[in-house]
Amino acid sequence: MKNRLLEAHHKLFPNCHDIRTFFAPGRVNLIGEHIDYNGGYVFPFAINLGSYAAVSKRTDGKICVSSHQFSNGEILSFDLNTDFIKNSNQTWINYIHGMFDVFKKNQCNISHGLNISIIADIPFGAGLSSSASLEMLIATIINNIYTFKLEPEILAGWGKIVENNYVGVSCGIMDQFASIMCKQNQALLLNSD
């Protein structure tokens with residue numbers, strides 16, 4: 001997957017340098033389905049399917065993104081200095097623009113743009129938290145590239161804000177928390193109150 005991802009990134013952004021790769025998993029829930037957004041105990045674990053990204057820095061203030069699954073190689077972009085505007089045609093970009101907007105609203109100084117190529121092997125709409133995987137992928141990219149050093153619990157909470165307020169899905173915290181906090185070969189007991 002990494003070679004495929006890097007190859008796709010080079011084709012889309014041929015003059016890029018210092019490419020970094022990231023991954024965020026989806027999740028399965030053992031107990032507590034539909035409990036997390038009502039408050040209570042859930043028991044999720046991360047799976048080996050999820051969202052991958054190759055990222056390179058830009059010298060301007062643009063975020064340029066391509067998703068193998070959604071944009072068919074088309075590059076969508078937004079300016080870091082513009083306010084969030086919901087995209088009703090390419091809804092997947094709302095997760096990304098929303099996450100950048102939440103960082104900015106929490107006084108995180110995002111100093112330059114990025115090129116982001118995304119490939120996912122998680123089936124969308126299959127109940128494996130593909131949207132949380134994408135949110136945590138972007139949150140991890142922003143946190144690492146700009147060296148904010150924020151705790152994963154904060155990023156999970158910001159992912160829930162994106163899902164609720166930018167995308168319009170009334171989810172709880174379980175999916176984002178599982179994607180960013182679960183460890184290999186372990187399930188996570190979480191009180192979602």
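A salt bridge here is a side-chain nitrogen of Lys or Arg within 4 Å of a carboxyl oxygen of Asp or Glu. By that rule the count comes to four salt bridges.

The model is predicted, so local features need pLDDT of at least 70 and side-chain atom pairs count only at pLDDT 80 or more, while totals for chains, interfaces and linings use all residues. Residues are numbered from 1 along each chain as its sequence is written, and side-chain values use heavy atoms, with hydrogens and water left out.

**Exercise 1. Salt bridges**

Take the pairs Lys11 with Glu7, Asp175 with Arg27, and Arg58 with Asp60, and work out where each one sits.

Solution.

Step 1: start with Lys11 and Glu7, whose closest N and O atoms are 3.6 Å apart. Both belong to helix α1 (residues 2-12) and are four residues apart, so about one helical turn separates them. Helices are DSSP runs of H or I with at least four residues, strands are E runs of at least two, and both are numbered from the N terminus. The background is that an α-helix has 3.6 residues a turn, so residues three or four places apart point the same way.

Step 2: check accessibility. Buried means under 20% relative accessible area, exposed over 50%, and partly exposed in between, with a 1.4 Å probe and protein chains only. Lys11 has 64% relative accessibility, so it counts as exposed, and Glu7 at 48% counts as partly exposed.

Step 3: now take Asp175 and Arg27, with an N to O distance of 2.8 Å. This pair ties distant parts of the chain together: Asp175 is in helix α5 (residues 174-181), Arg27 is in strand β1 (residues 20-29), and their positions lie 148 residues apart in numbering. Both Asp175 and Arg27 are buried.

Step 4: finish with Arg58 and Asp60, at 2.8 Å from N to O. Arg58 has 22% relative accessibility and counts as partly exposed; Asp60, at 30%, is partly exposed too.

**Exercise 2. Cysteines**

Find out how many disulfides the structure holds, and explain the result for Cys16.

Solution.

Step 1: apply the cut-off, a pair of cysteine sulfur atoms within 2.5 Å. The structure holds zero disulfides.

Step 2: look at Cys16. Its closest cysteine sulfur is in Cys64, 12 Å away, which is too far for a bond. Cys16 is buried, with a relative accessible area of 8%.

Step 3: try Cys171 as well. The closest cysteine sulfur, in Cys182, is 15 Å from the Cys171 sulfur, again too far for a bond. Cys171 is buried at 14%.

**Exercise 3. Strand β6**

Decide how enclosed strand β6 (residues 114-120) is, and which strands pair with it.

Solution.

Step 1: count burial. Seven of the seven residues of β6 are buried, so the strand is largely enclosed by the rest of the structure.

Step 2: sort the side chains. In a regular strand they alternate between the two faces of the sheet. In β6, Leu114, Ile116, Ile118 and Ala120 point one way, while Asn115, Ser117 and Ile119 point the other way.

Step 3: list the partners. Two strands pair if DSSP finds at least two bridges between them. Strand β3 (residues 44-57) pairs with β6 in the antiparallel sense over seven bridges, with Tyr52 opposite Ile119 and Val55 partnered with Ile116. Strand β4 (residues 62-67) pairs with β6 in the parallel sense over five bridges, and there Val65 has Ile116 as its bridge partner.

Step 4: go one strand further. β1 and β3 pair in the antiparallel sense over nine bridges, and Ala24 has Ser51 in β3 as its bridge partner.

**Exercise 4. Helix α4**

Test the length of helix α4 (residues 152-167) and say what covers its buried residues.

Solution.

Step 1: the expected span is 1.5 Å times one less than the number of residues. For the 16 residues of α4 that gives 22 Å, and the end C-alpha atoms are 21 Å apart, which agrees.

Step 2: the buried residues of α4 include Leu155, Trp158, Val162 and Tyr166. Their cover includes α2 (92-105), α3 (130-145) and α5, where contact means heavy atoms within 4.5 Å.

Step 3: look just past the end of α4, where Gly168 takes a positive phi of about 95°.
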